[in-house]
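Q: I would like a close look at a single part of this model, the ligand site. Please walk me through it.

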Amino acid sequence: MLPIDLRGKRAFVAGVADDRGYGWAIVRALARAGASICVGTWPPTMKIFTKSLERGKLDQELPDGGRIEFERIFPFDAMFDTPDDVPDDVRQDKRYVGLTGYTIQEVADAMRTDFGEGCLDVLVHSLANGPEVHRPLVETSRSGYLTALSASAYSMVSMVQRFGPLMRPGGGVVSLSYLAAERAVPGYGGGMSSAKAALESDTRTLAFEAGRKWGIRVNTISAGPLASRAAKAIGTVDRMLKYYSTNSALEGVQTAEDVGNAAAFLCSPLGAGIAGTTLYVDNGYHALGMAVDPDCHPE
Ligand code: NAD
C-alpha cells in the first residue's frame, strides 16, 4: 500500500468560507491524510463561516469516520501584505471592525508565534476576486484589471514570500487555476483570465526560486468547473458543468473531491519531484479539440 500520509504535517489553507468550494475540498483531503489544518478566511465572510461551524452547518464528517477540526482560523485578506497597506475605509468597514492581524505578513507572523519556525508543510491558495468579472476584458477598467491581478495572482507571490520561510524542506504549495489562463472563455472577464495566466507563469518562476531557497515545491491545479459560491456569482457555471460533462474525455461531472485529492498528492511526499507544473484536474476537458456533436459523434 502506498498511502498519502500527512500525519505530523501542518497546512495553511487560504480561501475557505463554506463547504461548497475547492478550499473545503482540499481541507477535507488534507484532513483525511492526517494533516493539522489552519485556515485563512476573508474578513467579510469570517462571521458567517465561524457561525456555520459553531452551528454544525458545515459538512465536517469524513468518509472514514474522522471529523474536520481546525487548529486555527485566521481572518485573512490577500489584498494586503502588511498593516500599512490597509486603507482607512477598509479598517472602518463594519465587516473588518473588531478584526486584527488579517494581512498576509501578520498571519505568517502569528503562525510563527503560535507554532515556531519550520511549522508549515503545506500552503494552499484557493482564492480569487475580480470586481469586474462580468465585464468582457475589452470593457474592463484599469482599476478592475489591477484588482483582479492583485487579489488573484500577486496574493500568491506574497504568500510564498511570507510563508516560505516557515516551511520545512519538501513541503508543497498549491494554488487553483482555470483554463481561461490559456484559452478564451466567454464570461470570464474583468482581467480574471489575465490573473490566472499570471498565476500559472508565477508558479513556474516561484517553483524555481522557492525550490532553491527553501526546498519547497510550488504547483498549480487547473480545475474544471464547480458550483462554488464564487462561481455561482460569475453566473455561467451551470452551463459550464453541462458543457464539460457532455464534452470531457471522462463523462460525468467534475467532483471537488478529485481536486482535493490531487492537491493532497501534490503537497505530499508522493509528489516529490513535481514542481512548477500546471496539473489539469478537469476530466480531460483541456485536451478537447472539437466539441462532441450528437449528430456526428464517431461510433
Ligand atoms: P469559493 O467561493 O469557495 O472560494 C473563493 C474564496 O476566495 C472565498 O472563500 C472568498 O472569501 C475568498 N476571497 C475572495 N477575496 C479574498 C481576499 N481578498 N482575501 C482572501 N480571500 C478572499 O470559490 P472556488 O470556486 O472554490 O474558488 C477557489 C479557487 O478555485 C479560486 O482560485 C478559483 O478561481 C479557482 N477555480 C474555481 C473554479 C470553479 O469553477 N469554481 C474552476 C477553476 C478554478
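Which residues are the closest to the ligand, and how many surround it?

A: This is a predicted model. In it, 26 residues surround the ligand. The closest are Y22, A78, K196, L226 and S228.

Start with the polar contacts. Three of those closest residues, A78, L226 and S228, are taken in turn here. At A78, a polar backbone atom sits 2.8 Å from a nitrogen atom of the ligand. L226 also uses its backbone: one of its N or O atoms is 2.9 Å from a ligand oxygen atom. S228 uses its side chain instead, where an N or O atom lies 2.6 Å from an oxygen atom of the ligand. The ligand taken alone exposes 820 Å², and the protein buries 92% of that area.

Next, the make-up of the shell. By class, 15 of its residues are nonpolar, 8 are polar and 3 are charged. Strand 5, residues 167–177, supplies at least two residues of the shell. Helix 7, residues 229–234, also supplies at least two. Helix 7 in fact gives the most, with 3 residues.

Last, a helix pair. Helix 6 spans residues 192–214, and K196, one of the closest residues to the ligand, falls in that range. Its partner is helix 5, residues 142–163. The axes of the two helices come within 9 Å. They cross at roughly 15 degrees. Angles under 35 degrees count as roughly parallel, so helix 5 and helix 6 are roughly parallel to each other. Helix 5 passes helix 6 in a right-handed crossing.

Notes
Residues numbered from 1 in each chain as written. Predicted model: local features only at pLDDT ≥ 70, side-chain atom pairs only at ≥ 80, totals over all residues. Heavy atoms only, no water. Near = heavy atom within 4 Å. Polar contact = N/O pair within 3.5 Å; in protein donor to acceptor, adjacent residues only side chain to side chain. Areas by Shrake-Rupley, 256 points an atom, 1.4 Å probe, with all protein chains shown as cover. Helix = DSSP H or I, 4+ residues; strand = E, 2+ residues; numbered from the N terminus. Nonpolar A, V, L, I, M, F, W, Y, C, P; charged D, E, K, R; others polar. Axes fitted to C-alpha atoms, helices over the stretch in contact; angles between N-to-C directions. Parallel < 35°, antiparallel > 145°, perpendicular 65-115°, else oblique. Left-handed = near helix turned anticlockwise from the far one by under 90°.
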